[in-house]
Amino acid sequence: SAASDVYKRQGPIYGENSAPVYWGEQTLAPFLISCGFVRGENHKCTYYHPKHDLVVLTYVDDILMDGEEKDILWFEKLLEARFKCKPSEWLSEGNVIDFVGIQVFMVNDCIYLSMEKYIEKMVIELRALGMVIPNTKCASPMTTMIEDGSEPLTTKQHRLFLTALGCEAWLSHTTRLDVSHAFSRACLLYTSDAADDMQCVD
């Protein structure tokens, strides 16, 4: 029929383009600042509380806290009074924390970061999509420019190329700084759209 229903939305929908603004900038950030946190100038997801000597890192609705137990518990109470929260995970020897795909673990009072599980999952998923990922080191060094002129990427190859670049971007911007150069070289080929470019992300 020609009849239709109109609904009034009461809040942001998870995943929509405006959600980061509504949540991060208009909800979470003002709340943290009202609690006495100072927001980072370079990294806006970093907050520091001078009185409690507490560092807070945010990634959408994931929060990582670094400080003394009493200060973390103080902040937890404020969070739970304002938002519906899941139980916190505490880092200790033998208890690994997964923070946005990064395994945070402790050995002999030293803290380590690893993305081994993320990389293993990435390789499995890319292979399932059809990418050939060798178990050996790259045959051609990244100092060698891949020649232009090969056949253009198919639609499927182009989508796979972008998926692989996205995975590598996450690695290079979090814990795997050693792959940043290879990632930047692969990005240079983004606009060429040649089949040989797949060598850079394989």
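These questions and answers walk through strands and helices of a predicted model.

Me: Which residue of β3 is the bridge partner of Y47?
Reply: Y47 lies on β2, which pairs with β3 in the antiparallel sense. The pairing runs over 4 bridges. In β3, the partner of Y47 is V56.

Me: Which residue in the turn of the β2 and β3 hairpin has a positive phi?
Reply: β2 and β3 form a hairpin with 4 residues between them. One turn residue has a positive phi of about 50°. That residue is D53.

Me: Along β2, which side chains point to one face and are buried?
Reply: In a regular strand, side chains alternate between the two faces of the sheet. Strand β2 covers residues 46–49 and shows this alternation. T46 and Y48 point to one face and are not buried. The buried side chains, on the other face, are Y47 and H49.

Me: Which residue of β2 does V38 stand opposite?
Reply: Strand β1 (residues 38–39) runs antiparallel to β2, joined by 2 bridges. The two form a hairpin with 6 residues between them. V38 stands opposite Y48.

Me: How many bridges join β3 to β4?
Reply: β3 spans residues 54–59 and β4 spans residues 62–66. The two strands run antiparallel. One bridge pair is V55 with D66. The number of bridges is 5.

Me: In the hairpin of β3 and β4, which residue takes a positive phi?
Reply: This hairpin has 2 residues between the strands. The phi in question is near 55°. The residue is V60.

Me: Which are the edge strands of the sheet in the order β5-β6-β7?
Reply: This open sheet has 3 strands, with antiparallel pairing. An edge strand here pairs on one side only. The edge strands are β5 (97–99) and β7 (110–114).

Me: By how much are neighbouring strands of this sheet turned against each other on average?
Reply: The sheet is open and holds β5, β6 and β7. Direction is ignored in this average. The value is 30°.

Me: In β7, which residue is the bridge partner of M106?
Reply: Strand β6 (residues 102–107) and β7 run antiparallel, joined by 5 bridges. In β7, the partner of M106 is I111.

Me: How far apart are the end C-alpha atoms of helix α4?
Reply: Helix α4 runs over residues 155–172, which makes 18 residues. At 1.5 Å a residue, the helix should span 26 Å. The model agrees, with the ends separated by 26 Å.

Me: Is T163 buried, exposed or partly exposed?
Reply: T163 sits in helix α4. Buried residues of that helix include F161, A164 and L165. The relative accessible area of T163 is 33%. Buried needs under 20% and exposed over 50%, so T163 is partly exposed.

Me: Which residues does T163 touch, not counting those up to four places away in sequence?
Reply: T163 and L126 are 37 residues apart along the chain. Their C-alpha atoms are separated by 8.1 Å. T163 touches L126 and L129.

Me: Why are α1 and α2 oblique to each other?
Reply: Helix α1 (residues 19–34) and helix α2 (residues 69–82) have their axes 12 Å apart. T27, F31 and L32 of α1 meet F75, L78, L79 and R82 of α2. Roughly antiparallel would need an angle over 145 degrees, and roughly perpendicular covers 65 to 115. The helices are therefore oblique, with an angle of about 140°.

Notes:
Residues are numbered from 1 along each chain as its sequence is written. This is a predicted model: local features need pLDDT of at least 70, side-chain atom pairs count only at pLDDT 80 or more; totals for chains, interfaces and linings use all residues. Side-chain values use heavy atoms; hydrogens and water are left out. Two strands pair if DSSP finds at least two bridges between them. Buried means under 20% relative accessible area, exposed over 50%, partly exposed in between (1.4 Å probe, protein chains only). Axes are lines fitted to C-alpha atoms, for helices over the stretch in contact, and angles run from 0 to 180 degrees between N-to-C directions. The expected span of a helix is 1.5 Å times one less than its number of residues. Contact means heavy atoms within 4.5 Å. Angles under 35 degrees count as roughly parallel, over 145 as roughly antiparallel, 65 to 115 as roughly perpendicular and the rest as oblique.
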